[in-house]
Amino acid sequence: MASAAEFDQITISSRSFADRERTEAFCELFGRNVLKLEMDPLKEVPFDVEMNLRALPGLSITTSQMSAMTCRHTASMIDNDDPVLVFVQSGVATYRQNGHEATLRAGEAALTSNGFAGTGIGHTATSIVHLRISRSLIAPLVPNLDDAVGKPIDRASPQLRLFLGYAGILREDIALTSPEARRSVGLHLIDLSALMLGAGTEGAEVAQTRGVAAARLRSIKQRIVADIGRRDLTLSTVAADTGISTVYVRKLFETEGTTFTEFVLTHRLTAAYRMLTDRRFIDRPVSSIARDTGFNDLSYFNRTFRRAYGASPSEIRGETRRSRETS
């Protein structure tokens, strides 16, 4: 398993090999030696594989686009027993392992394992995410982990929704620039995976205070940014929208040394600054921009904007206008 301390990303592609000999070479060198899979592409379908591999401390993530094929993980290929969560983004695939069979479609997931022989059949072209987790990190959180191997995860599970919502952070490279951030994100994903797989009492407690809290806070922040123009965007409305208490929302922001109010104000001012410096809005009145970004009081908007940017909204607008005239 890739368990590099530093965040890493590699893309591997078959480049739609049409040549059967080159296809077989790819399957031998990359399939058997790297993935530990016997890849058997359908003869009547052009072979196509593209994989993006990422490593975080304790886990690795592989996003794959694959043409229809059968992949076999044989007993002779087993060299570790790490669990692997499979998330199908598009297409249809069947997994057979540990005496179970799970057919997955878009939005569905199952647990597989490198420690069992098994077969994966892509009935169509598929887009799949594999999350491989170090057994030493997740096994203490989930009693009888191997009992879940080969079984699908309930699509309606709130734990699955919470995991998928937080996993979007993997697309934000800026959020993974420091070793500390990578370690935190890795731990949070492992926590949320444990909850999906049936964490024990102690494991669930750890996940709630660590992974779940991070996922909740990320979800709340996304909601605030999406609704930044709402003038009724308050602690109470956000708590009600997300189904959690105002006390909990307040505590989540406190873990980052800030407050709900400070976060909302910062993003409202940022949204206003972007509009004031965007030539598409050059003729929109400053008062209209203030309203569009959620400010009820124009004088308060002017005062907090100047404090943040060292200039008034009108002065920033003037600079944008002069820039347009001289370009």
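The paragraphs below lead from the chain as a whole to selected helices and then to two cysteines.

The model is predicted. Its protein chain has 327 residues, of which 45% count as buried. The secondary structure of the chain amounts to eleven helices and twelve strands. Measured out along the principal axes, the C-alpha trace spans about 70 × 55 × 35 Å. Among contacts in the chain with a separation of 6 or more, 70% join residues 24 or more positions apart. The accessible surface of the chain is about 16,500 Å², and carbon and sulfur atoms contribute 50% of this area. The chain carries 40 positive and 38 negative charges, and the mean positions of these two sets lie 7 Å apart.

Helix α4 is a useful place to begin a closer inspection. This helix covers residues 179-196, 18 residues in total. From its first C-alpha to its last, α4 reaches 26 Å, close to the 26 Å expected at 1.5 Å a residue. Of the 18 residues of α4, 13 are buried, so the helix is largely enclosed by the rest of the structure. One residue of α4 to examine is His188. His188 has a relative accessible area of 14% and is therefore buried. Leaving aside residues up to four places away in sequence, His188 touches Tyr166, Arg210, Gly211 and Ala214. Just after the helix, Gly198 adopts a positive phi of about 95 degrees.

Helix α3, formed by residues 158-167, contains Leu162. The relative accessibility of Leu162 is 17%, so this residue counts as buried. What does Leu162 touch, when residues up to four places away in sequence are not counted? Its contacts are Leu192, Val212, Ala215 and Arg216. Leu162 and Leu192 are 30 residues apart along the chain, yet 7.5 Å separates their C-alpha atoms. As Leu192 falls within the residue range 179-196 of α4, the contact between Leu162 and Leu192 links the two helices under discussion.

The discussion now turns to helix α11. Residues 313-326 form this helix, which has 14 residues. The distance from the first C-alpha of α11 to the last is 20 Å, close to the 20 Å expected at 1.5 Å a residue. Pro313, Ile316, Arg317, Gly318 and Thr320 are buried in α11. The buried residues of this helix pack against three other helices, namely α8 (260-276), α9 (286-292) and α10 (298-309).

The cysteines remain to be considered. A disulfide is a covalent bond between the sulfur atoms of two cysteines. In this model, a disulfide is counted when two cysteine sulfur atoms lie within 2.5 Å, and the count comes to zero. Cys27 is in no disulfide, and the nearest cysteine sulfur, that of Cys71, is 8.1 Å away. Why is the sulfur of Cys71 not bonded to that of Cys27? The distance of 8.1 Å between the two sulfur atoms is too far for a bond, and Cys27 holds the closest cysteine sulfur to that of Cys71. Both residues can also be placed with respect to the surface. Cys27 has a relative accessible area of 8% and is therefore buried. Cys71 has a relative accessibility of 11%, so Cys71 counts as buried.

Conventions
Residues are numbered from 1 along each chain as its sequence is written. This is a predicted model: local features need pLDDT of at least 70, side-chain atom pairs count only at pLDDT 80 or more; totals for chains, interfaces and linings use all residues. Side-chain values use heavy atoms; hydrogens and water are left out. Helices (H or I, at least four residues) and strands (E, at least two) are DSSP runs, numbered from the N terminus. The expected span of a helix is 1.5 Å times one less than its number of residues. Buried means under 20% relative accessible area, exposed over 50%, partly exposed in between (1.4 Å probe, protein chains only). Contact means heavy atoms within 4.5 Å. Accessible areas come from the Shrake-Rupley method with a 1.4 Å probe; for residues, only the protein chains shown count as cover. Lys and Arg count as positive and Asp and Glu as negative; His and the chain ends are not counted. The place of a charge is taken as NZ of Lys, CZ of Arg, CG of Asp or CD of Glu.
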